[in-house]
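Reader: Please present the model, after which I shall put several questions about its architecture.

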2 protein chains.
Amino acid sequence: MRKINPVDFTLATRGTSREINKQIALTLIREHQPISRADLARLMETSRANVTLLINQLLQDGLVREGAQASQTLRGRKPTFLYINSKKGVAVAVDVRASRTFVMITDSIGKQLGHIVSFPTKFDPDEFVKDLAVQVKKALLEFAATTECDGIGIVVPGMLDRKTGIVLHAPTLRWRNVNLAGPLMRELEDTEIHLENSGKACALSQIWSTRADGLGLNDIVYVSVSDGVGVGVVMNGELVRGKHNTAGEFGHVPLSIDGPQCSCGANGCWEAYISNPATLSRYFGRDVSSRHPQSVDVADFTIEDLITRARGSDSKALTALHSTARYLGLGMASIINSIDPSQIYIGGEITEAWDLIEAEVRAAIKERVLTIELGEVPIRIVPAVEYPRLRGAVALVTAPAFAAPKVA
Amino acid sequence: MRKINPVDFTLATRGTSREINKQIALTLIREHQPISRADLARLMETSRANVTLLINQLLQDGLVREGAQASQTLRGRKPTFLYINSKKGVAVAVDVRASRTFVMITDSIGKQLGHIVSFPTKFDPDEFVKDLAVQVKKALLEFAATTECDGIGIVVPGMLDRKTGIVLHAPTLRWRNVNLAGPLMRELEDTEIHLENSGKACALSQIWSTRADGLGLNDIVYVSVSDGVGVGVVMNGELVRGKHNTAGEFGHVPLSIDGPQCSCGANGCWEAYISNPATLSRYFGRDVSSRHPQSVDVADFTIEDLITRARGSDSKALTALHSTARYLGLGMASIINSIDPSQIYIGGEITEAWDLIEAEVRAAIKERVLTIELGEVPIRIVPAVEYPRLRGAVALVTAPAFAAPKVA
DNA sequence: GGTATTATGTCAAAAGTTCAAACAATATCC
DNA sequence: GGATATTGTTTGAACTTTTGACATAATACC
């Protein structure tokens, strides 16, 4: 039986069927483009006649466009291909992190244009907004021909209110109730701005990009390990936001309530054990988080450097990584026990050392997980070169136009 | 825009609109019965004509029946009331707990019939099934006139596979891979049996019963504190099950990975701090869980006795409760940070002492929660007299017949 | 008591969809 | 050039919601 929205009891009207089918068609075109009407009909298991009617309306709405005809077919009339109508032109993706902020331009279906630029993140919100506006404008100028912009997607390592565009709390940036969207909109002439927590955005982009695989992953978790720990959860095929859009903060679930202090103020959070600063602190034997002033050589020493040393002969570095691995696994066990996901994605610099730590992580998971099957949940590493957070930011702009992850 | 199922891309057919609207009508009738066609039309914001057509089909399907006419109306034609058609007759609800197992009979819309009976839970599965079958048969005999049974809903404190009816792991019962549904079905002549984790069932029955309030609680958590700790989570209006139906086991998320040993084998689980045995152990200063042989007087001493003493002059009892309260709050903070629910329900014996522990619980929550709003999540106590677990078991039988929580 | 008023429930035609089958438009194969 | 195959469109049937009118039934008012 068809699943209905249990919350919203708006009844189906005459147009509901078509509305539903248009959404489905649109989504399938996005996933399979270029695609002909006939192929779409087969995919949707309906008649070509129906598809024609749907497409006519989508063409009229300007959501879909016809492209070139196919060149090599065996027999019969050549199909005309359908494409998502790349509306205005470009989307801007912004990844705000404690260390640096990254900016990428893509076309409206998320294909990267030009190079990714970055600049140091200033913790002062006003200065940050000014810096960001400059960089975004500069990047957009390169594509002056298509100067119109579908929107800007910004991912932030913290909790935020999507409606007001206010960052409620971003521990690693030391931001509390910072209005980001407002000032930025003034700078950027009312371009649409989409803010989201980085973990949530990454999770969103994962279900978004993997749907075409037909894997049917309805329950996934994305864990991003960086300056802090961000987690995005998708349950029943839908991103979990919670009441205040602050759901998913597994980074601040404790491993030990008496453990080391965390940037959030509490003690023993998972983040305090596995974030990059935590690993570095373990290596140096003292707190090297940005809360404390450091000598230059220590401040410039990154987690990548530590991994390099671990691959060399620095056994202390390897030990530090192994500790992190163990804690990573123990925390993931909590996620697994409470969420029971079909798949877990892990992103962040530490994934570059996955070959060094995988066994330890897996062992720690199995140590605390409640059933054997739970201990064998597939884990997929998302390498840095895939720019998962920027992909997430892109998804914020492109995803709402389509049906799938959620049409509210 | 109407929300569509992001996973299942079956398109809308000619009959889809009616299917949807029939489900909505059915659900609304259940929530508001007795109700007239005209009232239903107002509720659904559609014409009476449309309702008539929908109801005619529901009448034909045998899902709805017409009842008496209303007696006192101000003016105009008297409405004929509509009711959910109480199909066969009765449902059986079973609450399996480490100490005792409870059995209740209800009519098909969940109204209690007769008394609740209980018997000691035998840990040997074969003996347990035999005992249970006897009690269920006996209880059903009392209602011999309506001997036909819609189904049996059984809630178990553990993880289970709903398809096979196998209890994968129930720590407090020391069950692993116990086939419950199979043997029971043989004993009870193929009556439909619905197994579910007690936390999940309680959460289900909460969204089920509170929907009529129109509160629109889409994200709720039910925490059941008893011999163990069971948690049920509803996100986006839908029960969270996960891949193996084992989601929601927050009871085994650690407070401290080096903490006391838990019945699951791991250390420092939340359950090991706040379950009834944990509280009693704290009071007696030694492990009084069922894992260890106890003197009779200690074995018979229940958490209710402890609460009574705490209300008296026994300061040790009060201290033990306060410790539990603090740990309860600290663990709830983890749930709040990761789920961000609109409301939390707490059930279990300890709720009888809520006036003694509320302040401590709330303080502990605020200690670890990431934003101020999160610290103020409403908490509703579900008293034992409401029999939340048995209500949950009932929901397993009655809920699937309707639309709302999920139509798979 | 008789009429006006009000409310419930039904009917019939209009408008919008899917669905099935026929049809027009191409293109390849022989 | 004709047979065959594939794509895309058209047409009418079947099924919905939607609208407005209408029958039914009870109270209010004079």
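Reader: In the hairpin of strand 9 of chain A and strand 10 of chain A, which residue takes a positive phi?

Author: The model is a predicted one. Strand 9 of chain A and strand 10 (residues 175–179) of chain A run antiparallel and are joined by 4 bridges. One pairing in this ladder sets A:Ala170 opposite A:Trp175. Between the two strands lie 4 residues, and the one with a positive phi, near 55 degrees, is A:Arg174.

Reader: Which residue takes a positive phi in the hairpin of strand 8 of chain A and strand 9 of chain A?

Author: Strand 8 (residues 159–161) of chain A pairs with strand 9 of chain A in the antiparallel sense over 3 bridges. Within that pairing, A:Leu160 has A:Val167 as its bridge partner. The hairpin has 4 residues between the strands, and a positive phi near 75 degrees is taken by A:Gly165.

Reader: How many residues of strand 9 of chain A are buried?

Author: Strand 9 of chain A spans residues 166–170 and is mostly covered. A residue counts as buried if 20 or more other C-beta atoms lie within 10 Å of its own. Of the 5 residues in strand 9 of chain A, the number that are buried is 4.

Reader: Which strands stand at the edges of the open sheet of 5 strands in chain A?

Author: The order of this sheet in chain A is 14-13-12-15-16, with mixed pairing. At one end, strand 13 (residues 229–235) of chain A pairs with strand 14 of chain A in the antiparallel sense over 2 bridges, and A:Met235 stands opposite A:Glu238. Each edge strand has a single partner, so one side of each is left without a neighbour in the sheet; the edge strands of chain A are strand 14 (238–239) and strand 16 (379–382).

Reader: Which residues touch the most other members of the largest nonpolar core?

Author: One of these residues, A:Val92, is in contact with A:Val103, A:Ile105, A:Val136, A:Ala139, A:Leu140, A:Cys149 and A:Ile152, leaving aside its neighbours within four places in sequence. Apart from the largest core lies another core, of 16 residues, among them B:Ile24, B:Leu26, B:Leu40 and B:Ile84. In the largest core, of 218 residues, the members that touch the most others are A:Val92 and B:Val92.

Reader: Why do the buried residues of helix 10 of chain B line one face of the helix?

Author: The buried residues of helix 10 (residues 303–311) of chain B are B:Ile303, B:Leu306, B:Ile307 and B:Ala310. Seen down the axis of helix 10 of chain B, these buried residues line one face because they fall within an arc of 100 degrees.

Reader: What covers the buried residues of helix 10 of chain B?

Author: The residues to be covered are B:Ile303, B:Leu306, B:Ile307 and B:Ala310. Their cover includes three elements of chain B, namely helix 8 (276–284), helix 11 (315–339) and helix 12 (354–368).

Reader: Which residues are the closest to DNA strand D?

Author: The surface near DNA strand D has 7 nonpolar, 12 polar and 10 charged residues. At least two residues each come from helix 2 (37–44) and helix 3 (48–61) of chain A and from helix 1 (16–32) and helix 3 (48–61) of chain B. Of the 29 residues that surround DNA strand D, the closest are A:Thr13, A:Ala49, A:Gly76, A:Arg77 and B:Ser47.

Definitions and conventions. Residues are numbered from 1 along each chain as its sequence is written. Chains are lettered from A and ligands numbered from 1 in the order in which they are written. This is a predicted model: local features need pLDDT of at least 70, side-chain atom pairs count only at pLDDT 80 or more; totals for chains, interfaces and linings use all residues. A residue is buried if 20 or more other C-beta atoms lie within 10 Å of its own, exposed if 12 or fewer, and partly exposed in between; C-beta atoms are placed from the backbone. The arc is that of the directions from the helix axis to the C-beta atoms. Two residues are in contact if their C-beta atoms, placed from the backbone, lie within 7 Å. A residue is near a molecule or strand if its C-beta atom, placed from the backbone, lies within 6 Å of it. Ala, Val, Leu, Ile, Met, Phe, Trp, Tyr, Cys and Pro count as nonpolar, Asp, Glu, Lys and Arg as charged, and the others, Gly among them, as polar. A nonpolar core is a set of buried Ala, Val, Leu, Ile, Met, Phe, Trp, Tyr and Cys residues joined through C-beta atoms within 7 Å. Two strands pair if DSSP finds at least two bridges between them.
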